[in-house]
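Biologist: Please take a close look at one helix and the helices it packs against, and then place that part in the rest of the fold.

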Amino acid sequence: MRILIITALYPDDSPIEVTNAIHDLVRFWTDSHEVICFKEDWIYAPHILRRGKLIEQIKLLKGYQYCERDKVRIYRFTGIANLFARFNIHFFGFFEKVMVNKMNKVLGCIEKPDVVIAHMPVLNVVDYIKYLKIDCPKIAVLHRSDTDWLDSARWGKGVVRRKINLINDQFDAVFSRSHSIYRQLLELGKIDCLKEVIISSGVPQCEEYHEKDWNAWNVRKKNILYVGKLIKQKGVDVILESLNNISKEYAFELTIIGEGEELENLQSLIKELHLEEHVAIAGKRSREEVYEYMSKADVFVMPARHETLGLVYLEAMANGCITIGSKEEGIDGIILNGENGFLVKALDVKELTECLESIMKMDSLDLRQISQNAKATADKYTPKDRSDIYLKKVIEVRMKE
């Protein structure tokens with residue numbers, strides 16, 4: 001089977017950092033199928049010179065760049081974003097026509113795909129996919145940014161209705177990247193081809209897993225961990241304020257791993273709350289180092305908003321951490337509150353404070369059970385397992401058409 005993926009979220013040989021999430025889902029398919037990726041690379045006209053010499057950028061705008069990664073053939077098409085794209089207003093205009101023409105030229109030189117999958121399609125792909133020279137089943141995989149756009153009142157019902165109509169007209173099936181995204185789509189309604197199919201990512205199993213010692217929980221210092229970008233939506237300030245609320249009653253140490261624009265603000269907040277003796281900022285660390293920190297941590301917390309999934313939650317669960325995630329975000333549905341972790345309202349100091357305090361008071365036997373349940377859940381979410389489930393659902397759509 002020949003599978004064509006269209007998305008802006010695919011890593012290639014460009015210096016611009018892009019998440020590996022989609023690649024890690026589909027790279028296993030190349031063992032028995034042909035996988036091709038058309039990567040959209042939209043840039044604003046004033047930013048062209050930031051990418052390099054003008055002549056080189058003009059060449060890119062006229063053609064495409066090609067590379068391979070784990071046998072996935074990647075064609076990167078650079079295009080100029082329309083002026084309204086900065087405000088998340090997208091439509092099929094001149095620059096989209098240029099992008100489609102370039103894609104069609106490549107489609108004319110390769111064998112036709114048997115199925116097309118569009119990841120994060122709402123912003124651009126739904127507006128131009130009907131102009132591509134493809135005649136096969138099409139699947140849309142919606143991410144958090146898709147549902148947030150569709151759920152935003154600012155665009156007006158007419159604009160959102162148009163996008164939903166395009167989804168219904170152009171796609172044979174719609175999958176979701178998380179349980180919360182699926183529920184959000186159900187609430188939106190009128191997406192005819194929405195399937196109860198969740199395309200979750202996976203994390204590698206721990207090579208050397210050691211069960212945590214919960215025996216002295218009620219008397220020893222608690223090790224708490226955060227891993228992620230230091231940006232507002234992750235809620236690191238919420239973690240600090242919540243821990244400050246219980247700092248006089250419980251002994252703890254919070255380690256913050258990551259870097260980002262909020263670093264100075266967080267350092268100031270730590271001083272303001274007099275948490276210097278309780279908090280350490282470790283900066284950016286390698287994956288191996290992060291797993292080492294997780295193996296020693298008791299609790300992992302990230303009360304983030306706008307998380308499609310948040311693989312770091314699963315990584316913490318794979319290491320047996322008592323993991324606190326956000327309600328109605330990507331991890332909700334994988335974490336079952338009180339069974340294999342805990343869920344709080346995103347960026348809510350009151351709920352997180354209450355959750356942390358309840359964990360501090362828990363019996364060691366209950367904590368051990370939740371830790372074991374977390375590990376068992378994460379073991380079901382290996383990259384290969386998630387990839388196989390995804391491929392099976394893709395094949396089902398293709399066979400029905």
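**Helix α8 and its surroundings**

Modeller: The axes of helix α8 (residues 236-246) and helix α12 (residues 349-361) cross at roughly 50° and come within 9 Å of each other. That angle makes α8 oblique to α12. The crossing of the two helices, α8 and α12, is right-handed. This is a predicted model, and what follows should be read as such.

On the α8 side, the residues that meet α12 are V238, I239, E241, S242, L243, N245 and I246. On the α12 side, they are V349, L352, T353, L356, E357 and M360. By type, the residues of this contact between α8 and α12 comprise eight nonpolar, three polar and two charged.

A second partner of α8 is helix α9 (residues 263-272), which packs with α8 at an angle of about 5°, the axes being 10 Å apart. The helices α8 and α9 are therefore roughly parallel to each other. In this contact α8 contributes V236, D237, L240 and E241, while α9 contributes L266, L269 and I270. The residues of the contact of α8 with α9 divide into five nonpolar and two charged, with no polar ones. E241 of α8 takes part in the contact with α12 and also in the contact with α9.

Next come the sheets. Six strands form an open sheet with parallel pairing, in the order β11-β10-β9-β12-β13-β14. Its edge strands, each paired on one side only, are β11 (279-283) and β14 (342-344). On average, neighbouring strands of this six-stranded sheet are turned by 25° against each other, direction ignored. Within the sheet, strand β9 (residues 222-227) and strand β12 (residues 299-301) run parallel and are joined by two bridges. L225 stands opposite F300 of β12. Helix α11 (residues 311-318) lies across β9, β12 and β13 (322-326), and its direction runs at about 165° to β13.

There is also an open sheet of eight strands, with the order β3-β4-β2-β1-β5-β6-β7-β8 and mixed pairing. Here β3 (65-69) and β8 (194-198) are the edge strands, and each of them pairs on one side only. Neighbouring strands of this eight-stranded sheet are turned by 25° against each other on average, direction ignored. Strand β1 (residues 2-7) runs parallel to strand β5 (residues 115-119), and four bridges join them. I5 has I117 in β5 as its bridge partner.

Two helices can be placed against the eight-stranded sheet. Helix α7 (residues 179-188) packs on it, touching β6 (138-142), β7 (173-176) and β8, with a direction at about 165° to that of β8. Helix α14 (residues 383-400) also packs on the sheet and touches β1, β5, β6, β7 and β8; the direction of α14 makes about 165° with that of β7.

As for the whole, the protein has 14 helices and 14 strands. Its radius of gyration is 23 Å, close to the 21 Å that the globule rule gives for 401 residues, so the protein is as compact as a globular protein of that length. The C-alpha trace spans about 70 × 45 × 40 Å along its principal axes.

To return to the part you asked about: α8 is oblique to α12, whereas α8 and α9 are roughly parallel.

Notes:
Residues numbered from 1 in each chain as written. Predicted model: local features only at pLDDT ≥ 70, side-chain atom pairs only at ≥ 80, totals over all residues. Heavy atoms only, no water. Axes fitted to C-alpha atoms, helices over the stretch in contact; angles between N-to-C directions. Parallel < 35°, antiparallel > 145°, perpendicular 65-115°, else oblique. Left-handed = near helix turned anticlockwise from the far one by under 90°. Contact = heavy atoms within 4.5 Å. Nonpolar A, V, L, I, M, F, W, Y, C, P; charged D, E, K, R; others polar. Pairing = 2+ DSSP bridges. Rg over C-alpha atoms; globule rule 2.2 N^0.38 Å.
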